[in-house]
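Please look over the structure shown below, and then work through the questions and answers that follow it.

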Amino acid sequence: MLRYILKRLLFAIPTLFAVSIIAFIIIQLPPGDYLTTLMADWASQGGAVEAGTVAAMRERYGLDQPLYFQYYKWIWGILTAGDFGISFELGKPVTELIWNRLGFSLLLSLLTLCFVWAIAIPIGILSAVRQYSISDYTATFLAFFFLAVPDFLMALSAMYVMSAWFGQSVGGLFSPDYVDAGWSFGKLVDFARHVWLPVVVIGLGSLAALVRIMRANLLDELSKPYVTTARAKGMSELELLIRYPVRLALNPLISTLGWILPAVISGEIIVSVVMSLPTTGPLLLRALLTQDMYLAGSLILLISVLTIIGTLISDILLALTDPRIRFQ
Amino acid sequence: MTDITSLPPETGPSFNLPGKDIAVAGQWRLFWLKFKKHRIALASLVVIVFMYLVAVFADFIAPVDPNATNARFTYAPPQGLSLLLDGSFRPHVNQLKMTLNTESMRREFVADPTKPVSVGFFVKAPQPYHLLGLIPMETKLFGLTNPQVGDSLYIFGADRLGRDIFSRVVHGAQISLSIGLVGVFMSLILGVTIGGVSGFFGGWADLAIQRFIELLRSIPTIPLWMGLAAAIPVGWPPLRTYFVITLIVSLIGWTSLAREVRGKFLSLRNEDFVIAARLDGMSEIGIIFNHLVPSFMSHIIATLTLAIPSMILAETALSFLGIGLQPPIISWGVLLQEAQNIRAVAQAPWLLFTPAAAIIISVLSLNFLGDGLRDAADPYESVS
């Protein structure tokens, strides 16, 4: 088992390296470098720029050096000192801006994953056990329908319905009273009252796919001889279902975590923009629109790294539950 | 949205044909026979063909110029089109009467049933136009027969500049639906080439390509697309932006196709008919294009169909965020930019729901169609 985990960890290193290169390319894509943008900005505000400052910043980010050297400086700063550079638009180090938001993103994604799994498994089981029943057809139709609705459209519609029919304003993760307050029981309740809507909205798209996978897996298992044997032995239908076929059908579901996670994170970003949640989404969009490239690049890098770590964890989980994989 | 638009395959319905017919039926005939059994997919095919026709004949179908503004009718609500008037067939809409709500200081529109405005089919266009930019035309599918000042025809409402939402959605279909097709074409080229190399040659090329695909698929798509799309300079001409956006959204689509092609190559390259062709002295390229590609063509078509909706959704998402296509280009995503803030939506819900319905119907039908095609792509499976 340890061997397997070590092997997976080693495999992750080139992936992480490649992701950092992609993030760096995105930083480099807009024409001009950050300092040109910054100069233009300062000049437009009538501020004079000291030549010494510029030279110091050029030196710090290695802007006069070849690209591979700039990459080296950037990644070395991140790895050794946790220095992601400076957000030029907000005039603060990137690290000050991102951790809080990244935390909320992670929390929201995890809650969504829990929600999706908790809902998808029972519905999938129901669909499979009652194949071709009305509930099965309804689940299948809803699955296709929610796949066709883009996340942001779902978010907008949900907000419209909440405000037009229930007279509730939605958006954000806290009421204004609690935004700056420290964590308390009241804040937690307030958080729960806000967070369920984005969780449902983000989850619905992935839910559909998971229900279908669970249904297909379980249908495969249900027709196997061991189920008939157990039934012949007089086992109760429910006990039989939970004990054998469901457990086997769950295994492939764990492996879907590898692509559900990127999907949930993508959904989280776009839904957060629409619902103005204090997560990475709105920050990333604003950074991209104002060409605040250090901030944008760092966010893309960290989001991708988190996803890769998540996938790694799901691989390890899969190996834990399924011996066939670790003894391959 | 990472590859989530495809659902796991389902066991398709089998079909009954006299044994003799089935034995001699060609690949495409088997494909069609099995596809026909999938009712929803068949219905979806009709819907899709209809939507693409609407896109092609958008100039003819849209009653007014999608960019024509009208300050008198900002945020005008949808006018219900009724076909009968006083018991006889006279299609009409009711004239909109504007009142000022003194409380909210907003203009409100009320339909006035005493003033029907007659609507006709094949009416003279407000201005002559060129269908598809080629054929000069002076007729529209429908429109006001005798437009007077104060008359309007907004069957799906108007936006904040008084532009007709229906005409805009019909024109938006041109961009939104074609992005799917162009993107899929790019994916096809990339996917077949790279997947083919990977599957046919194997070895380290295969290993490198598979690792690269895994890498691309492990990155959440939205941030990646956002980063790439945001780098497109604002000053670029619309056509170039369009192609770059298409390229960006097809960046992910090709990976699933490449995997499919590779899998097929791996399973087919040692089949008897390939070995026979090789022993006959056929070149490797010849084998690929004369024997291998035709044998998994139906799979490619199914995978491609399933890739179109994810590209439509990607374009819509990017344009909605304001980093994809920009006005004056009209696409469904650009139309949804108008619905970005919830206050606008609360005042004029048709800004959100009309383009949304267009997106959902097309994506839903394409998914059903792709599902049916995928089931049909393996005609031999359920026969044996």
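## Chain B and its contact with chain A

Q: What percentage of the 384 residues of chain B count as buried?
A: This is a predicted model, in which local features need pLDDT of at least 70 and side-chain atom pairs count only at pLDDT 80 or more, whereas totals for chains, interfaces and linings use all residues. Residues are numbered from 1 along each chain as its sequence is written, and chains are lettered from A and ligands numbered from 1 in the order in which they are written. A residue is taken as buried if 20 or more other C-beta atoms, placed from the backbone, lie within 10 Å of its own. For the 384 residues of chain B, the share that meets this is 42%.

Q: How many helices and strands does chain B have?
A: Helices (H or I, at least four residues) and strands (E, at least two) are DSSP runs, numbered from the N terminus. On that basis the secondary structure of chain B comes to 15 helices and 4 strands.

Q: Why do the end C-alpha atoms of helix 5 of chain B agree with the expected span, and how far apart are they?
A: The expected span is 1.5 Å times one less than the number of residues. Helix 5 of chain B (residues 165-201) has 37 residues and should therefore span 54 Å, and this agrees with the distance between its end C-alpha atoms, which is 52 Å.

Q: On which residue is the kink in helix 5 of chain B centred?
A: The bend at a residue is the angle between axes fitted to the seven residues ending there and the seven starting there. In helix 5 of chain B the kink is about 30 degrees, and its centre is G172(B).

Q: Which strands of chain B stand at the edges of the sheet?
A: Two strands pair if DSSP finds at least two bridges between them, and the 4 strands of chain B form an open antiparallel sheet in the order 1-2-3-4. Each edge strand has a single partner strand, so one side of each is left without a neighbour in the sheet; these are strand 1 (82-85) and strand 4 (135-144) of chain B.

Q: How many residues of chain B are in contact with chain A, and how do they divide?
A: Two residues are in contact if their C-beta atoms, placed from the backbone, lie within 7 Å, and 41 residues of chain B are in contact with 47 residues of chain A. Ala, Val, Leu, Ile, Met, Phe, Trp, Tyr, Cys and Pro count as nonpolar, Asp, Glu, Lys and Arg as charged, and the others, Gly among them, as polar. The side of chain B that touches chain A thus divides into 32 nonpolar, 7 polar and 2 charged residues.

Notes:
A residue is buried if 20 or more other C-beta atoms lie within 10 Å of its own, exposed if 12 or fewer, and partly exposed in between; C-beta atoms are placed from the backbone.
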